[in-house]
Amino acid sequence: MNEVTDISYRGSVNEQDHLLQDCFFRVGAEHGFHDVQTSWEKFKEFKATWKRCSNTAELHITDYMKGSDPELITDLARGIFGRMGRGGVRDIYSEKLRQHFVSHEFIQRNQPLYLKRSRNLAYRQKGQVHDLEALYDDLLDTGLVTKVPNSYLTWTKSGNRQRIGYCSVIMRVVAISSALDRKEVPSFVPGYVLYHELLHLENGLRFGSYHDREFRAKEAMHPYHNEAERWLRKIAVDPQFR
Ligand SMILES: [Zn+2]
């Protein structure tokens with residue numbers, strides 16, 4: 001009776017709505033809000049949005065948190081109300097939330113959902129020419145990166161020449177532009193972009209600059225750093241790669 005276990009663990013739809021509302025209402029009251037309305041949203045990215053008007057707040061919370069225990073939802077509420085009050089960039093996640101984000105349970109539940117919501121992924125590691133798994137193994141061999149468990153690599157469907165790679169740190173998904181998957185492009189080019197994105201995964205969630213000096217220094221340790229950068233500039237502008 002798998003389904004039953006599942007329901008009792010995650011709670012019914014209504015229970016989940018109430019849990020969200022209760023946690024946010026309580027924390028909102030601590031911050032002087034008298035009227036707090038919440039809803040779960042199927043955002044692609046892990047995020048929350050809110051509107052506030054004097055002591056009224058309306059919040060839309062990522063459904064990737066659905067099914068989490070009340071303590072975690074309360075922590076999230078504390079982070080969000082804390083940020084609403086002060087504004088600006090600030091670390092809003094408690095240690096417990098951070099542990100939750102890197103837990104097997106979180107990734108198992110949410111990574112497939114995130115992949116389903118992504119529109120431009122090929123869901124393929126093997127490209128026409130280059131193989132991301134092989135490139136990853138090469139990077140592991142050099143010792144430049146360490147294995148990030150449960151990471152998911154894929155080529156994109158359409159090949160953007162400017163946005164050549166991106167990643168979701170929280171979902172551990174790395175996408176490399178299929179513009180780099182052609183025989184004219186040497187394998188160190190997608191390898192280098194993959195390296196860049198894997199450094200983000202290794203660093204984990206951050207508030208503030210993702211590309212700080214330390215990051216750039218690590219990035220420059222790639223054996224083909226300069227050559228790959230030259231290639232990427234060329235690919236971005238040269239009509240040959242259209
Ligand atoms: Zn980056």
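A salt bridge is a side-chain nitrogen of Lys or Arg within 4 Å of a carboxyl oxygen of Asp or Glu. Asp-131 and Lys-126 meet this description, with an N to O distance of 3.3 Å between their side chains. The structure is a predicted model, and a search of the whole of it finds eleven salt bridges. The chain is divided into domain 1 (2-101) and domain 2 (116-241), and a zinc ion is coordinated by three residues, His-196, His-200 and His-211.

**The zinc site**

- Each of His-196, His-200 and His-211 offers its NE2 atom to the zinc ion, at 2.0 to 2.1 Å.
- Along the sequence, the donor residues of the zinc ion follow the spacing H-x3-H-x10-H.
- His-196 belongs to helix H7 (residues 188-203), whereas His-211 sits in the loop between H7 and helix H8 (213-219), so the pair ties together parts that are 15 residues apart in sequence.
- His-196 is buried, at a relative accessible area of 12%, while His-211 is partly exposed, at 37%.

**Glu-219 and its surroundings**

- Glu-219 is a residue of helix H8 and has a relative accessible area of 4%, so Glu-219 counts as buried, the limit being under 20%.
- The side chain of Glu-219 makes a polar contact of 2.5 Å with the side chain of His-196, a residue that also coordinates the zinc ion.
- Glu-219 also forms a salt bridge with Arg-216, in which N and O are 2.9 Å apart.
- Both partners of this salt bridge, Glu-219 and Arg-216, lie in helix H8, three residues apart, which is about one turn of the helix.
- Arg-216 is partly exposed, with a relative accessible area of 38%, whereas Glu-219 is buried.
- Leaving aside residues up to four places away in sequence, Glu-219 touches Tyr-192, Tyr-195, His-196, Leu-199, His-225 and Glu-229.

**The two domains and their contact**

- The C-alpha centres of domain 1 and domain 2 are 32 Å apart.
- Domain 1 contributes 14 residues to the contact and domain 2 contributes eight residues.
- The size of an interface is often given as the accessible area lost when the parts come together.
- Between domain 1 and domain 2 the buried area is about 980 Å², and carbon and sulfur atoms give 65% of this area.
- One salt bridge is counted between domain 1 and domain 2.
- Asp-63 and Arg-117 form a salt bridge, their closest N and O atoms being 2.8 Å apart; Asp-63 falls within the bounds of domain 1 and Arg-117 within those of domain 2.
- Two residue pairs in polar contact are also counted between domain 1 and domain 2, with both residues at pLDDT 80 or more.

**Further salt bridges**

- Side chains of opposite charge can pair when their charged atoms come close.
- Lys-96 and Glu-71 form a salt bridge in which the closest N and O atoms are 3.0 Å apart.
- Lys-96 lies in helix H4 (residues 95-101) and Glu-71 in helix H3 (residues 70-86), so this pair ties together parts that are 25 residues apart in sequence.
- Lys-96 is partly exposed, at 35% relative accessibility, while Lys-126, the partner of Asp-131, is exposed, with a relative accessible area of 56%.
- A network of salt bridges links Glu-30, Asp-75 and Arg-78.

Conventions: Residues numbered from 1 in each chain as written. Predicted model: local features only at pLDDT ≥ 70, side-chain atom pairs only at ≥ 80, totals over all residues. Heavy atoms only, no water. Donors = N, O, S within 2.8 Å, 3.2 Å for Na, K, Ca; no water. Helix = DSSP H or I, 4+ residues; strand = E, 2+ residues; numbered from the N terminus. Buried < 20%, exposed > 50% of the residue type's maximum accessible area, 1.4 Å probe, protein only. Domains from an automatic or database assignment. Contact = heavy atoms within 4.5 Å. Buried area = accessible area lost by both parts, 1.4 Å probe. Polar contact = N/O pair within 3.5 Å; in protein donor to acceptor, adjacent residues only side chain to side chain.
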